[in-house]
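Colleague: I should like a close look at one part of this assembly. Please describe chain B: its fold, its domains, its interior and its contacts with the neighbouring chains.

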Amino acid sequence: MPDINLTIDGHKMTVPAGTLIVEAAKTVGIEIPVFCYHHKLDPVGACRLCLVDFSPGPPRPQTACTTPVAEGMVVRTQSAMAVQARADILEFELVNHPLDCPVCDKGGECPLQDFTFRHGYPTSRIDGPRLHFRKPIPLSPNIALDRERCVLCYRCTRYYDEIAWEQELTVGERGVQSFITSQFDQPLQSIFSGNIIDLCPVGALTSRVWRFESRPWDMAHTESVCSKCAVGCNVTMWQRRGQLVRITSRENDDIDEGWICDRGRFDYTDVNDPSRLRTPMIRGARATWADAFAATAAGIKGKGAKLGISLPADLTNEEAYLFRRLLDGPLKGAKVKMHGRTAIPAPAGAGRAPGAIPEKTLRIREIDDARVIVVVASDIENDVPIVDLRVKKAVSKRGAKLIVVHSDGVDLDRDPHTVHIRNEKGSAAAEVRKLASHELLKNPGGPVAILFGDGHGSEDIHELATACGDLAEKVGGKEMPLYRATNERGALELGVAGWDSLDDVTALLSWGPPPTAGIPKSVRFLTAWDHLPRPEYAKAAVLLPATTFAERQGSYTNLEGTVQFLRPPIAANPPLKEAWEALTELGIALGLNLDYAGIFPIQREAAARVRALAALAQAPSPEPQPAPVLVGPAHP
Amino acid sequence: MAERRGTVGGPVLTEWFDKPDVHALDVYESLGGYSALRKVVTTMTAQQVIDEVKISGLRGRGGADFPTAMKWSFVPKDHPGPKYIVVNADESEPGSAKDRYLMENSPHMLIEGAAIASYAIGGHQAWIYIRGEYDVPYEMLRDAIAEAHAKGYLGDHPFGTDHALDVRLYRGHGAYICGEETALLESLEGKRAQPRSRPPFPAVKGAWGLPTAVNNVETLSTVPWIIRNGGAEYAKRGTEKAKGTRMVTVSGDVQRPGNFEIEIGVTYRHIIEELAGGALPGRNLKVFWPGGSSAKVLPASMLDTSTDLDGLKALGTMGGSGGIIVMDDSHCVVKAAARLLRFYAFESCGKCTPCRVGGNWAVRTYERILANEGSQLELGILERVSDGLQNGRCLCGLGDAAGWVIESTMRHFRDEYEDHCLKHTCNVGAVLAHA
Amino acid sequence: MSALSSHLIEEIKALPARYPQPRSAVMPALDLAQEEVGYLTPEAMTEVATALQLDAGYVEGVATFYTLFHLEPIGKHRFYVCTNLSCTLRGAEDIVEHLRGAIGVKEPGEISKDGLFSYEEVECMGACEYAPMCRVDHRYHYDLTAEKIDQLVTERRHLASTPVQASASHPSPLPDGERGPSKPKRAPRKKTSG
């Protein structure tokens with residue numbers, strides 16, 4: 001795209017053609033207030049708050065959010081006409097607003113407050129009674145709606161329809177009587193529903209999980225990574241007095257584009273569970289860490305294949321590396337089973353053997369540019385929700401064609417143009433082989449993205465991976481194995497993402513939640529590292545209090561191979577130990593010569609030894625840079 | 001057309017309306033109907049059609065007054081795939097009934113015009129979006145389209161040629177906003193009818209995302225005549241800048257309300273006093289809306305204003321959709337304005353803030369005024385709301401129109417507003433109850 | 001039990017193919033549903049949505065936007081009386097007042113005790129030259145007077161007491177509105193000048 005030269009409030013700038021004025025202004029720190037505009041949604045020009053004045057152009061204020069820049073354009077955000085227009089709009093927004101800011105969860109981080117403060121009239125001229133709606137309305141167990149606070153920017157409903165392809169959230173009635181509603185007042189079902197809270201520019205949509213808990217300025221926030229699946233969405237975790245109180249999205253266009261799913265957003269209350277384990281226990285009695293490690297070491301050492309190790313889906317690379325060392329040493333021969341993983345093998349090195357996964361798999365961002373997307377044997381919406389949204393974006397915003405090969409219906413069928421090939425369970429590979437001659441793939445007109453899962457065990461993964469690899473080669477496509485477990489790919493690279501049966505082990509080291517199939521009956525000795533007491537642990541020999549994702553340092557490798565670092569919002573205060581520390585001490589108790597003063601030496605060592613973990617050598621600082629603050633103009 | 005200006009002219013749209021049963025295909029044809037479409041598809045190129053209409057100077061009669069030929073020429077010629085003509089038959093402007101009148105009298109005239117327009121933009125399909133309340137025009141159009149298909153005037157090979165042409169109907173379901181072309185397109189796409197932000201304009205991205213020209217019923221109904229008689233002949237009518245004739249509907253406090261075809265340039269005095277019979281016995285005209293409720297009012301003292309569109313623009317008002325509402329001295333302007341604001345607030349789609357909130361704020365303010373609770377404050381609020389609704393603040397023209405009602409009635413009838421707000425009296429007599 | 005008949009569902013499923021994009025079928029489908037059920041229940045709207053492969057919320061959003069979709073029961077004969085400016089100037093408020101008395105209801109939307117009637121005050125219906133006017137049973141009625149209202153009501157009451165015809169639905173077996181059913185007997189000329 002050619003570049004365009006223009007001037008905004010005297011600032012000369014050059015931006016790519018097609019840039020909207022509102023975005024161009026941001027590049028020099030000029031705030032043009034917006035409610036309806038959101039950079040991930042199609043501009044609609046509804047709220048009219050972004051009115052500016054530009055020439056050449058009509059002698060009226062125009063919306064900066066819908067107008068692309070033009071060569072030689074001179075934009076004035078501060079002309080009397082523009083300043084008054086925006087102040088008028090803000091006054092209109094407040095005519096029916098309840099002004100209940102003192103008890104509003106949004107207060108303190110509310111664009112309506114901030115914009116009124118910066119762009120509105122300094123005095124109130126609003127008279128008389130306001131319109132009233134029934135409130136608050138529970139849209140779902142997680143989301144509350146306050147229709148009186150709503151400014152009807154339609155970000156939420158547009159997001160639902162444009163991004164998530166769902167319409168269970170809608171607008172009822174019209175005019176001043178319009179309101180946001182869930183369909184026939186039924187609770188929202190979508191796994192993507194929570195994003196509307198982040199999108200809402202006022203306090204109309206708030207989290208019920210966190211309602212009336214704390215003011216935004218009471219919380220400290222930390223930039224971290226979600227631990228719920230293999231996508232690795234970037235999140236901001238908010239803590240107040242040692243409690244995790246909120247998780248919001250943090251935009252990373254390579255991964256998540258600012259969306260997270262409801263698992264990532266709402267599934268965190270266990271962090272604050274009052275019954276959490278805080279001290280090690282041996283046979284039900286409090287013990288020191290040293291005694292607990294000694295007892296564990298005695299129970300699991302030298303067991304060979306009679307020892308089982310159960311690993312959590314969200315095992316960090318650093319933990320995985322330490323397990324690798326244990327398995328190479330004192331725990332050699334143990335059976336390992338990782339929670340929630342697919343049957344998909346690890347990416348292999350250069351060169352492609354049948355059934356192997358290429359080392360360089362498709363990046364999430366590359367889905368954007370695909371002309372044809374093939375999704376095979378995956379309940380993609382639930383397995384890797386935010387990749388599902390990326391596929392939807394490529395289709396509805398960028399015109400990609402979509403082929404689904406799956407035995408059941410998937411939410412991608414919501415597009416009537418989706419070609420869905422419903423295979424018999426187990427025959428996905430055969431269907432994929434036929435695809436090479438499919439109408440859409442004969443001349444795809446650009447990159448082809450092939451995303452495949454394992455059909456939750458229903459498909460022969462060797463066959464399927466071979467078929468997908470062959471197809472990729474024939475049509476010039478690139479593959480993306482849809483790993484499910486959070487750090488499945490990292491654990492696979494380190495060779496600890498086991499797939500073994502734990503059926504007849506006599507000793508079990510259960511790291512994280514107990515095995516999904518339960519503790520095997522054959523187990524005589526159990527050490528569990530977990531953050532919650534559970535019935536399964538009634539006969540445990542040793543219970544080790546675990547940190548949660550909110551207290552954990554380390555990194556995950558997401559399904560595309562990107563290594564991302566966790567930043568714990570809550571410190572693992574003693575007596576809790578972080579996982580890397582606990583594993584190091586356990587290793588020492590088992591006779592390994594380990595000496596890590598912190599997590600960095602582990603990361604550097606892993607980076608040097610494992611090619612896929614090279615990124616660990618440059619762990620970021622624990623404190624992220626604060627986001628730049630845009631300074632807005634003065635009052636009219 | 002009692003009064004003619006300039007060169008010789010005569011009725012265009014209503015040329016045949018004194019003949020019986022013009023709505024029937026055989027009658028329509030016997031008078032020359034469908035000869036224009038035949039001529040177009042068998043002898044003319046699309047560009048020639050556009051050129052002919054350009055010569056005529058025809059402008060959109062839905063209210064926006066945009067040159068029709070130019071609108072058609074904006075539709076990209078080289079666009080592969082479908083392009084559409086969408087006929088705006090959602091006539092809902094208070095005071096305007098002329099599209100209904102044209103469709104009921106001569107549905108084939110509209111169908112022929114729509115087919116010609118489709119040909120002119122290189123398209124094959126026209127959609128008539130007709131308001132849901134228009135049952136009879138809908139049924140007549142439905143039957144007329146079937147007749148035209150049966151005769152081979154529409155279909156894959158109209159008049160034996162290979163340029164397929166079809167006209168289809170889509171019914172609205174009650175929303176004034178659908179008269180706004182982009183809201184109409186949203187509605188046609190099966191959505192809540194909320195206007196779109198422009199650009200992109202419909203010519204580039206219209207119905208279902210495809211290039212589209214949206215034309216009013218009257219505009220397209222004029223086209224067959226222009227093809228038959230030549231653009232130059234049409235251009236002989238009207239004024240230098242505003243060519244031709246147009247339909248007006250006169251309603252309200254006059255002796256003979258009705259639809260009239262007038263030559264553009266005649267005065268409102270001519271229309272209201274001569275064609276519509278003037279004021280009712282014993283009353284005096286006070287105010288009139290020159291082009292639907294959305295045009296700024298003019299006081300009776302300005303009856304000699306010309307219907308010339310540029311002249312109206314100079315006065316800050318417009319010929320709009322041709323709906324002339326006349327009100328006499330037995331009715332209160334404040335109550336009339338309050339009634340219209342109720343209309344605009346009710347019909348606001350709710351998409352943009354000023355219209356959604358402002359209209360309703362004005363309604364509540366008028367309610368207080370009419371309940372004798374007004375004061376200087378209410379006058380101030382009305383002025384503020386009126387300002388906040390106009391000048392590009394709103395996404396579409398509905399908000400502006402609501403602002404114009406407040407502004408123009410306050411400008412010309414400030415005394416009535418002050419009587420209400422400051423003295424809590426109404427200077428209009430007993431008939432007030434009905435306003 | 002489903003709200004819509006199975007043949008209607010089939011008819012609705014066939015609608016999307018008639019338009020360049022399937023969502024255009026929503027309003028015609030709601031029309032069919034409303035005609036069959038009388039008004040749009042949540043169940044009916046949900047079934048329309050399912051037939052069109054949409055979430056019910058989409059259909060609800062559309063149905064509540066447009067005034068000709070009724071979300072609550074309406075009388076068998078609904079009077080839509082224009083009370084916009086042109087009609088009000090010519091006495092629409094008196095007509096509404098009279099209609100209320102004639103059908104025995106107090107407010108818009110209320111259904112008369114016999115279930116036959118309800119009324120609604122509506123915005124301009126595009127027949128301003130015949131003000132005051134109303135629409136009932138898919139036909140316009142012009143130049144309304146108290147007597148005309150009485151006549152419209154009486155005709156419908158009479159019809160209801162005649163069993164065979166009473167079951168007939170649209171197209172109405174009633175005397176036509178002022179402009180005939182599908183073709184006017186004679187094009188209206190008197191209002192034309194020139």
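Modeller: Chain B contains 17 helices and 9 strands in what is a predicted model. Its C-alpha atoms occupy a box of roughly 75 × 45 × 35 Å along the principal axes. The radius of gyration of chain B is 22 Å, which agrees with the value near 22 Å that a compact globule of 435 residues would have. Of the 435 residues in chain B, 64% are buried. Among contacts in chain B with a separation of 6 or more, 71% join residues 24 or more positions apart.

The domain assignment splits chain B into domain 1 (25–235), domain 2 (249–328) and domain 3 (333–434). Between the C-alpha centres of domain 1 and domain 3 of chain B the distance is 36 Å. These two domains are nevertheless in contact, through 10 residues from domain 1 of chain B and 8 residues from domain 3 of chain B. On the domain 1 side of that contact there are 7 nonpolar, 2 polar and 1 charged residues.

Two places within residues 249–328, the range assigned to domain 2 of chain B, allow a closer view. One is helix α11 of chain B, residues 268–275, whose buried residues are B:Tyr268, B:His270, B:Ile271, B:Ile272 and B:Leu275. The cover over these buried residues includes four strands of chain B, namely β5 (245–252), β6 (258–263), β7 (285–289) and β9 (323–328). After α11(B) comes B:Gly277, with a positive phi near 85 degrees.

The other place is B:Asp308, which sits in the loop between β8 (298–299) and α12 (309–314) of chain B. Why does B:Asp308 count as buried? It does so because 20 other C-beta atoms lie within 10 Å, and the cut-off for a buried residue is 20 or more. Setting aside residues up to four places away in sequence, B:Asp308 touches B:Thr239, B:Ala242, B:Ile264 and B:Gly265. B:Lys243 is 65 residues from B:Asp308 in sequence, while their C-alpha atoms are 9.0 Å apart in space.

The interior can be followed further through the largest nonpolar core, which has 397 residues. The members that touch the most other members are A:Ile373, B:Val87, B:Phe288 and B:Leu341. Helix α13(B) gives the most to this core, with 10 residues. In soluble globular proteins, nonpolar side chains tend to be buried together. For B:Leu341, the contacts beyond four places in sequence are B:Gly359, B:Ala362, B:Val363, B:Tyr366, B:Ala402, B:Val405 and B:Ile406.

Chain B also touches both chain A and chain C. The contact with chain A takes 24 residues from chain B and 27 residues from chain A. On the chain B side, α13 (333–347), α14 (353–370) and α15 (376–389) each supply at least two residues. The greatest share comes from α14(B), with 8 residues. By class, this side of chain B comprises 10 nonpolar, 9 polar and 5 charged residues.

The contact with chain C takes 63 residues from chain B and 47 residues from chain C. Two or more residues of the chain B side come from each of α5 (98–105), α7 (135–150), β5, β6, β9 and α13 of chain B. Here α13(B) gives the most, with 6 residues. This side of chain B divides into 28 nonpolar, 19 polar and 16 charged residues. Helix α13(B) thus recurs: it supplies residues to the side that touches chain A, to the side that touches chain C and to the largest nonpolar core.

As for the partners, chain C is assigned domain 1 (6–65) and domain 2 (77–163), with 29 Å between their C-alpha centres. Chain A is divided into domain 1 (3–95), domain 2 (101–121 + 129–272), domain 3 (281–339 + 490–618) and domain 4 (364–482). The C-alpha centres of domain 1 and domain 3 of chain A lie 54 Å apart.

A remark on confidence in chain A completes the account. Chain A has a mean pLDDT of 94, and 97% of its residues reach 70 or more. Over residues 632–636 of chain A, however, the pLDDT is below 50, and this stretch has 13 contacts in the model beyond near neighbours in sequence. Where pLDDT is low, the predicted coordinates should not be read in detail.

Notes
Residues numbered from 1 in each chain as written. Chains lettered and ligands numbered in written order. Predicted model: local features only at pLDDT ≥ 70, side-chain atom pairs only at ≥ 80, totals over all residues. Contact = placed C-beta atoms within 7 Å. Nonpolar A, V, L, I, M, F, W, Y, C, P; charged D, E, K, R; others polar. Rg over C-alpha atoms; globule rule 2.2 N^0.38 Å. Buried ≥ 20, exposed ≤ 12 C-beta atoms within 10 Å, placed from the backbone. Domains from an automatic or database assignment. pLDDT = per-residue confidence, 0-100. Core = buried A, V, L, I, M, F, W, Y, C linked by C-beta atoms within 7 Å.
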